[in-house]
Amino acid sequence: MKLHYMGKYDLNPDSLPQREHMPNAVKFREPSAKRAALVGNILAIIIYVLLAIPAFFRCYAEIVADEWQILLGALASLLIIFPHELLHAVCFKEDVYLYTNWKQGMVFVIGPEDMSKGRFVFLSLLPNLIFGFLPYILGLIFPNCLFLLSLGCTATSMGAGDYMNAFNALTQMPKGARTYLCGFHSYWYMPQSKN
C-alpha cells in the first residue's frame, strides 16, 4: 500500500482518482449523495439506539455513578475519524488516496485497484470492528469501562456508510466478481476466464 495525501477535497467528484472501466463493469446501485446521507444518518441513529439499550441495562449503576466516562467516550469517537480512514487504507495493496475537508466533516480514502468481494467487505468493516465493536464488547464485559462502551456505541454507529458499502457488495456482486472504486462510486465485473 502506498498512501498519497491529496489534501483538501474541493467537492469536485471529477478531481478524484478515476480509472478505465473493465469490460461489462456494473455500477453499484447506490442512492444519490443526498439520499445516502439521509439513509446513513437514520441508520447511524438506529444502530446507536440498538447498542445503547443493552449497554444501559447492563451498566445502569455505573452510568449513574460516572457519566463523565460516557461523555469522554463519545468525544473520543471524533478523534478516531482519521485513524478510521487509515485502517481502510491499509487494506489496499496498491496506491490509495486520502482526502480531507474538515469544514464539511469529510475524511475518506479511495483506491482504484481491483479486489475481491471479501476484501472489499473486510476493507469496509475493519475500522468499525477495531474502533466500534471491540470497545463495545469490552465495555459490556467490564461495566466499569464506560469510556469503552460509549466509544464503541458511537464509533459503531458512525460506520453507517461503511455498512451500506458492505451490504451493496454482498447483495449485488455475484460469486467470483471483482470490484473497484472509480471516484465516489463502486463497480463490479466478472473477470474474463483464461482458457
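**Figure 1. Contacts of M106.** M106 touches Y9, L11, Y99, T100, N101 and F184. Contact means heavy atoms within 4.5 Å, and residues up to four places away in sequence are not counted here. The model is predicted: local features need pLDDT of at least 70, side-chain atom pairs count only at pLDDT 80 or more, and totals for chains, interfaces and linings use all residues. Residues are numbered from 1 along each chain as its sequence is written, and side-chain values use heavy atoms, without hydrogens and water. M106 is part of strand β4. From M106 to F142 the sequence separation is 36 residues. In space, the C-alpha atoms of M106 and F142 are 33 Å apart.

**Figure 2. The chain and its elements.** Six helices and seven strands make up the list of elements in the chain. Helices (H or I, at least four residues) and strands (E, at least two) are DSSP runs, numbered from the N terminus. Read from the N terminus, the order is β-β-α-α-α-β-β-β-α-α-α-β-β. Along the principal axes, the C-alpha atoms of the chain fill a box of roughly 65 × 35 × 30 Å.

**Figure 3. The three-stranded sheet.** Strands β1, β3 and β4 form an open sheet in the order β1-β3-β4. Its pairing is mixed. Strands pair if DSSP finds at least two bridges between them. The edges are β1 (2-8) and β4 (106-110). Each has a single partner strand, so one side of each is left without a neighbour in the sheet. On average, neighbouring strands of this sheet are turned by 20° against each other, direction ignored. Strand β3 spans residues 95-101. β3 and β4 run antiparallel, joined by five bridges. In this pairing, L98 stands opposite V109 in β4.

**Figure 4. A helix across the sheet.** Helix α3 covers residues 81-89. α3 lies across β1, β3 and β4. The helix runs at about 10° to β4. Axes are lines fitted to C-alpha atoms (for helices, over the stretch in contact), and angles between N-to-C directions run from 0 to 180 degrees.

**Figure 5. An aromatic pair at β4.** The whole structure holds nine aromatic pairs. Y9 and F108 form an edge-to-face pair. Their rings lie 5.2 Å apart, centre to centre, with 85° between the planes. Rings of Phe, Tyr and Trp (its six-membered ring) pair if their centres lie within 6.5 Å; planes under 30 degrees apart are stacked, over 60 edge-to-face, the rest tilted. Y9 sits in the loop between β1 and β2 (26-27), while F108 sits in strand β4, so the pair ties together parts that are 99 residues apart in sequence. Y9 is also among the residues that M106 touches.

**Figure 6. The four-stranded sheet.** A second view shows an open sheet of four strands. The order is β2-β7-β6-β5, and the pairing is antiparallel. β2 and β5 (115-116) are the edge strands, and each pairs on one side only. Strand β7 spans residues 185-189. Two bridges link β2 and β7 in the antiparallel sense. K27 has Y187 in β7 as its bridge partner.

**Figure 7. Helix α2 against helix α5.** Helix α2 takes in residues 67-79, and helix α5 takes in residues 146-158. Their axes come within 7 Å and cross at roughly 35°. On the α2 side, the contact includes Q69, I70, L72 and G73, with A74, A76 and S77 further along the list. On the α5 side, the residues met are L146, F147, S150, L151, T154, A155 and M158.

**Figure 8. Close-up of Q69.** Q69 belongs to helix α2. A polar atom of the Q69 side chain lies 2.9 Å from the backbone nitrogen of F147. The backbone oxygen of N144 lies 3.2 Å from a polar atom of the same side chain, that of Q69. A polar contact is a pair of N or O atoms within 3.5 Å; within protein, one must be able to donate a hydrogen and the other to accept it, and residues adjacent in sequence count only if both atoms are side-chain atoms. Not counting residues up to four places away in sequence, Q69 touches N144, C145, L146, F147 and S150.
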